[in-house]
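Colleague: I'd like a close look at one part of this model, the stretch towards the end of the chain. Please walk me through how its pieces pack together.

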Amino acid sequence: MDSFTLNLNKTELLDFMRDFHLLTGIKIALFDAAGNEILSYPEIHCAFCSLIRSDKNGEAHCLKSNEQSFKRCQKTKKLEIFHCHAGLIEATAPLIDSENVIGYIMFGQITDQPDSAKLSNLLQNVISRYHFRDAKSDFSIQDITVKTNEQIQAAAKILEACTFYVLLKDIVRLQKKNFIQNLNSFLLAHLSEDLSVDRLTREFHISKNKLYDSCSRYMDIGIAEHIKRLRIAEAKRQLKETNLSVHEISDNVGFNDYNYFCRVFKKVVGMSAGSFRKSK
């Protein structure tokens with residue numbers, strides 16, 4: 001899915017994130033399918049997480065923890081609640097569009113440990129693993145949001161419901177321009193080859209339904225018809241710009257059956273390939 005990027009209604013998405021934070025007091029973030037953070041609220045990390053991320057190894061462990069949760073969600077297509085490498089609780093919910101994961105919504109930087117002394121010991125143990133430059137290793141545990149298990153489960157249910165909401169309201173969707181450019185670039189580079197739906201779904205890591213829906217939504221045409229038009233357009237170019245035989249051109253643009261190519265060309269263009277070459 002990394003062949004496609006997301007298009008956002010940033011204003012509505014930020015409003016949604018603010019509302020979630022206002023209701024729960026929990027930081028929330030959106031990531032694309034490749035694991036890149038796109039938007040978050042609040043934008044800054046809590047003091048503890050900011051300290052951990054100020055160390056190179058700490059930052060790497062944070063990113064690795066996120067990556068592992070994304071991989072699990074990609075596999076299960078379900079929300080998961082987990083402890084990050086630093087011992088805090090996070091939750092990741094996949095954004096699923098036509099059976100395909102196009103991104104993730106995540107909340108975190110909270111704990112279910114109500115005992116201040118135990119929480120302090122836990123966090124200090126994590127801090128001791130890293131070496132900080134120009135940063136204090138002490139901070140107030142009051143910076144960590146404490147939630148009961150029941151509250152965390154409730155927030156997770158709301159998060160999961162929100163994944164359906166942002167897709168339903170088209171707040172997050174595949175980017176039209178990017179979809180068309182990536183698809184056409186691949187098709188034009190492989191016109192002479194098999195361009196079956198199965199191959200395209202494998203190449204773009206996208207479901208058949210998503211491929212059909214995206215072509216219909218963004219190009220107002222079926223994928224088979226789109227490929228046929230690209231092949232005929234390339235055949236027209238080669239007929240005018242090269243001395244290749246019609247038979248060779250037929251093969252070049254992916255028509256293994258020469259007679260079928262001739263029938264399709266005449267139907268689409270309104271004249272035979274030979275007549276088109278002689279025209280104008």
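Modeller: Overall, the protein chain has twelve helices and eight strands; these are DSSP runs (H or I over at least four residues for a helix, E over at least two for a strand), numbered from the N terminus. Keep in mind that this is a predicted model, in which local features need pLDDT of at least 70, side-chain atom pairs count only at pLDDT 80 or more, and totals for chains, interfaces and linings use all residues. Residues are numbered from 1 along each chain as its sequence is written, and side-chain values use heavy atoms, with hydrogens and water left out.

Now to your stretch, beginning with Leu-187. Leu-187 sits in helix α6 (residues 176-189). At 0% relative accessibility, it counts as buried (buried is under 20% relative accessible area, exposed over 50%, partly exposed in between, with a 1.4 Å probe and protein chains only). Setting aside neighbours within four places in sequence, Leu-187 touches Leu-195, Leu-200, His-226, Ile-227 and Leu-230; contact means heavy atoms within 4.5 Å. Arg-231 lies 44 residues from Leu-187 in sequence, yet their C-alpha atoms are 9.2 Å apart.

Leu-200 also turns up in the next pairing. Helix α7 (residues 197-204) and helix α8 (residues 208-219) have axes that come within 9 Å and cross at roughly 95°, which makes α7 roughly perpendicular to α8. Axes are lines fitted to C-alpha atoms, for helices over the stretch in contact, and angles run from 0 to 180 degrees between N-to-C directions; under 35 degrees is roughly parallel, over 145 roughly antiparallel, 65 to 115 roughly perpendicular and the rest oblique. Val-197, Asp-198, Leu-200 and Thr-201 of α7 meet Lys-208, Leu-211 and Tyr-212 of α8. That contact splits into four nonpolar residues, one polar and two charged (Ala, Val, Leu, Ile, Met, Phe, Trp, Tyr, Cys and Pro count as nonpolar, Asp, Glu, Lys and Arg as charged, and the others, Gly among them, as polar).

Further along, helix α9 (residues 223-241) packs on helix α11 (residues 258-269) at about 90°, their axes 11 Å apart. That makes α9 roughly perpendicular to α11. On the α9 side, the contact uses Lys-228, Ile-232, Ala-235, Lys-236 and Leu-239, which meet Phe-261, Val-264, Phe-265, Val-268 and Val-269 from α11. Here the count is eight nonpolar residues, no polar and two charged.
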